Amino acid sequence: MRMSVKLTTQAYCKMLLHAAKYPHCAVNGLLVAEKQKEKKKDSHSTPILCVDCIPLFHGTLALAPMLEVALTLIDTWCKENKYVIAGYYQANERTKDFRPNQVAEKVGARIAENFSEAAMIMVDSTRFTMGCYEPILAIYDHHENKWKCRDCNADCFEDWCEAQKITSALLEGRSYESLIDFDNHLDDLRNDWTNPEINKSVLHLC
Amino acid sequence: MGHVKEINVLIIVFTEMRDKLRKWREDNHRNSEQIVDVGEELINEHASKLGDDIWIIYEQVMIAALDCSRDDLAWTCLQELKKQFPGSQRVKRLAGMRLEALEKYEDASKQYDSILQDDPTNTAARKRKISILKAQGKSAEAIRELNEYLEQFVGDQEAWHELSELYINEHDYGKAAFCLEELMMTNPHNHLYCEQYAEVKYTQGGLENLELSRKYFAQALKLNNGNMRALFGLYMSASHIAASPKVNATVKKANVKYAAWATNQINRAYQLAGRGTKENKCSVKAVEEMLESMQITMS
C-alpha cells in the first residue's frame with residue numbers, strides 16, 4: 001500500500017501565502033521532503049513528509065526556460081540540504097478552476113521521474129478563507145501514467161491544528177506581502193526564495 | 001510650538017499618502033490592499049485637501065476595492081463619481097466593473113453594450129467584454145474577440161500583450177510568438193518583449209527555435225544587461241545547442257563559448273547580490289554547482 005504524502009505547517013503555510021500574495025494570478029511551486037536513507041523492504045511504514053515549499057512563479061506558468069532553471073537550481077540546493085523534490089503545487093488563475101492542467105501534469109510527471117511517490121497538489125481557491133478552517137488542497141498521486149485524486153483531510157498534515165492556526169495568523173498579519181517566489185528572485189537576486197524570515201515566523205508561532 | 005509641529009507632521013503624512021497613490025497609479029501597480037488602506041484613509045480624512053485629484057483617486061480606490069471585495073467602499077466611490085460626472089462613459093465602465101466583481105456578467109455585458117451603442121469606438125468597453133469571457137473560462141472566444149479587436153485597433157499594445165498571454169496559456173506558442181513580434185517591431189528597445197519572445201521560442205523547441213531564442217536572449221541583454229531571465233536564458237539555450245548531436249563542431253564551439261560567458265556573468269551577478277548577507281551564500285553556491293554540473297553534460 002502506498003503511503004500518502006504529509007505536509008508540515010511550514011510547507012502548507014508558504015503555499016497558501018503564495019496564493020494569497022497573487023490572488024489574480026496562477027501560482028506554482030515545489031514541495032521538498034527529507035531524503036530517506038535506505039528504502040525499507042516494507043515501504044509502507046513511513047509517509048513522505050514534505051517539510052518545505054519553494055514558491056516558483058506567478059502569472060504565466062506555461063513557459064519552459066525559467067522553469068528549467070528553477071528546477072535545476074533547486075535540485076542542486078536540495079542535494080546540499082539532503083532534501084529531494086517531492087511534489088508540485090499549483091493554484092489556477094480562475095478561482096473556480098481547480099483541475100490540474102497540462103502544465104501541472106507535465107511538471108508533476110517530471111518530478112515523478114526522479115521521485116516515484118511525487119504528489120501533485122492543486123489549491124482550491126473557492127474555499128480559501130482567512131480562518132483556514134479546512135484544508136483546501138486536492139492531492140494527486142501518479143499511478144500508471146495517470147494522476148488520481150486523493151481525499152485531503154487533517155490526516156494529510158503532520159499537525160493540522162497547528163497548520164490551521166499558524167497559516168491563519170500569518171494571513172491575518174499579511175505575511176504574504178514579504179513572501180518571495182522564484183520570479184521575485186529573478187527580478188532581484190537579493191530576494192531569497194528560501195524565505196528565511198517567514199520560516200522564522202512559523203517557528204516563532206509554534 | 002507643539003501644535004504647529006503636529007500640523008506639519010500631518011501635512012507630511014498626507015502628502016506622502018497622496019504621492020504614494022500617484023506613484024502606484026503611474027506604475028500601474030496592482031497592490032490593491034495597500035491602495036485601499038492608504039486611499040480609504042485619504043478619502044475619509046483628507047478629502048478637502050485633495051482638490052481635483054480626488055476624482056482620479058476615487059477611481060483608483062474603487063478598482064482596488066473591487067479587488068479586495070470591499071463593495072462598500074467601491075459603492076461609495078462610484079456614487080461620488082456618478083454625482084460629479086453624470087452620464088460619463090468612464091464612470092459607466094466602472095459601474096460595469098463592479099458588476100463583474102459581483103459576478104453579474106450578463107448585467108455587466110449589457111452595461112458595456114450600452115456604452116458601445118453611444119460610442120462604438122470605446123475600446124475600454126470592448127476590452128472589458130473580453131475580460132468577461134476570460135473570467136468565464138471562455139478562452140477560445142476571448143482569443144477570437146481579441147483578434148477581431150486588434151484588426152481594428154492594431155496599435156493597442158496592451159491588447160497584443162494580453163493576446164500573447166492567452167495564446168501561451170493555450171500552449172499555442174507559434175501564435176504567441178507572432179503577437180510578441182508585433183510588439184518588438186513597435187518597441188524595438190523594450191528588453192522585456194525580446195526576452196519573452198525568446199522564452200516562447202525556447203518553449204517551442206527544436207534546434208532552429210533554440211538558436212532564435214539564444215539570439216533574442218542576447219538582444220534582450222544588450223538592451224538591459226541587468227535582465228537575469230535573459231542571462232539565464234542565454235545560458236540555457238547555448239548549453240542545449242552545444243549539447244545537441246545535430247550541430248557541427250563550429251556551432252558547438254561557439255555555443256560553448258556563449259554558455260561559458262553567461263556562466264561567468266551569472267556567477268558575478270550572484271557574487272554581487274550575495275555581498276554582505278550570509279543567507280544568500282547558499283544561493284551563490286547552488287548556482288555555481290548547477291552551472292558546473294551542466295558543463296559536464298555539455299562536453
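A residue counts as buried when its relative accessible area is under 20%, and A:Asn195, with a relative accessible area of 3%, is therefore buried. The model described here is a predicted one, and the account below moves from two residues of chain A to a group of strands in the same chain, then to the contact between chains A and B, and finally to charged pairs.

## Two buried residues with positive phi

A:Asn195 has a positive phi of about 50°, although this residue is not a glycine. A:Asn195 is placed in the loop of chain A that runs between α5 (182-187) and α6 (196-205). A:Cys132, which is not a glycine either, has a positive phi of about 50°, and this cysteine belongs to the loop between β5 (119-123) and β6 (137-143) of chain A. With a relative accessible area of 4%, A:Cys132 is buried.

## The strands around β6 of chain A

The loop that holds A:Cys132 leads from β5 to β6 of chain A, and these two strands, β5(A) and β6(A), pair in the antiparallel sense over five bridges. Within this part of the chain, A:Ile121 stands opposite A:Ile139 of β6(A). β6(A) is also joined by five bridges to β7 (residues 146-150) of chain A, and the two strands run antiparallel. Here A:Tyr140 has A:Cys149, in β7(A), as its bridge partner. How many residues lie between β6(A) and β7(A) in the hairpin that they form? There are two, and A:Glu144, which is in the turn, has a positive phi of about 50°. β6(A) itself is mostly covered, since six of its seven residues are buried.

## Where chain B meets chain A

The size of an interface is often given as the accessible area lost when the parts come together. For chain B and chain A, the area buried between them is about 3100 Å², with 58% of it on carbon and sulfur atoms. In terms of residues, 38 of chain B are in contact with 31 of chain A. Across this interface there are 12 residue pairs in polar contact. On the side of chain B that touches chain A, at least two residues each are supplied by α2 (32-46), α7 (123-135), α9 (157-169), α11 (191-204), α13 (228-243), α14 (249-274) and α15 (281-298) of chain B. Which helix gives the largest share of this side of chain B? It is α15(B), from which eight residues come. By character, the residues on the side of chain B that touches chain A divide into 17 nonpolar, 10 polar and 11 charged.

## Salt bridges between and within the chains

Six salt bridges are counted between chain B and chain A, while the count over all chains comes to 31 salt bridges. Because B:Lys134 lies in helix α7 of chain B and A:Glu93 in the loop between β4 (83-91) and α3 (102-114) of chain A, their pair joins two chains. Three of the pairs are set out here, with the distance between nitrogen and oxygen.

| Salt bridge | N to O distance |
|---|---|
| B:Lys134 and A:Glu93 | 3.5 Å |
| B:Arg18 and B:Asp19 | 3.7 Å |
| B:Lys127 and B:Glu158 | 2.7 Å |

B:Lys127 lies in helix α7 of chain B and B:Glu158 in helix α9 of chain B, so this pair ties together parts that are 31 residues apart in sequence. B:Glu158 counts as exposed, at 53% relative accessibility. The residues of the pair that joins the two chains are partly exposed, B:Lys134 with a relative accessible area of 25% and A:Glu93 with 35%. In the remaining pair, B:Arg18 is partly exposed, at 21%, and B:Asp19 is partly exposed as well, at 34%. In addition, salt bridges link A:Arg174, A:Glu177, B:Glu33 and B:Asp37 in a network.

## A buried arginine in chain B

Is B:Arg98, a residue of helix α5 (residues 89-101) of chain B, buried or exposed? At 15% relative accessibility, B:Arg98 counts as buried. Its side chain makes a polar contact, at 2.9 Å, with the side chain of B:Asp71. Leaving aside the neighbours within four places in sequence, B:Arg98 is in contact with B:Met62, B:Leu66, B:Asp71, B:Trp75 and B:Leu78.

Notes
Residues are numbered from 1 along each chain as its sequence is written. Chains are lettered from A and ligands numbered from 1 in the order in which they are written. This is a predicted model: local features need pLDDT of at least 70, side-chain atom pairs count only at pLDDT 80 or more; totals for chains, interfaces and linings use all residues. Side-chain values use heavy atoms; hydrogens and water are left out. Helices (H or I, at least four residues) and strands (E, at least two) are DSSP runs, numbered from the N terminus. Buried means under 20% relative accessible area, exposed over 50%, partly exposed in between (1.4 Å probe, protein chains only). Contact means heavy atoms within 4.5 Å. Buried area is the accessible area (1.4 Å probe) that two parts lose on being put together, summed over both. A salt bridge is a side-chain nitrogen of Lys or Arg within 4 Å of a carboxyl oxygen of Asp or Glu. A polar contact is a pair of N or O atoms within 3.5 Å; within protein, one must be able to donate a hydrogen and the other to accept it, and residues adjacent in sequence count only if both atoms are side-chain atoms. Ala, Val, Leu, Ile, Met, Phe, Trp, Tyr, Cys and Pro count as nonpolar, Asp, Glu, Lys and Arg as charged, and the others, Gly among them, as polar. Two strands pair if DSSP finds at least two bridges between them.
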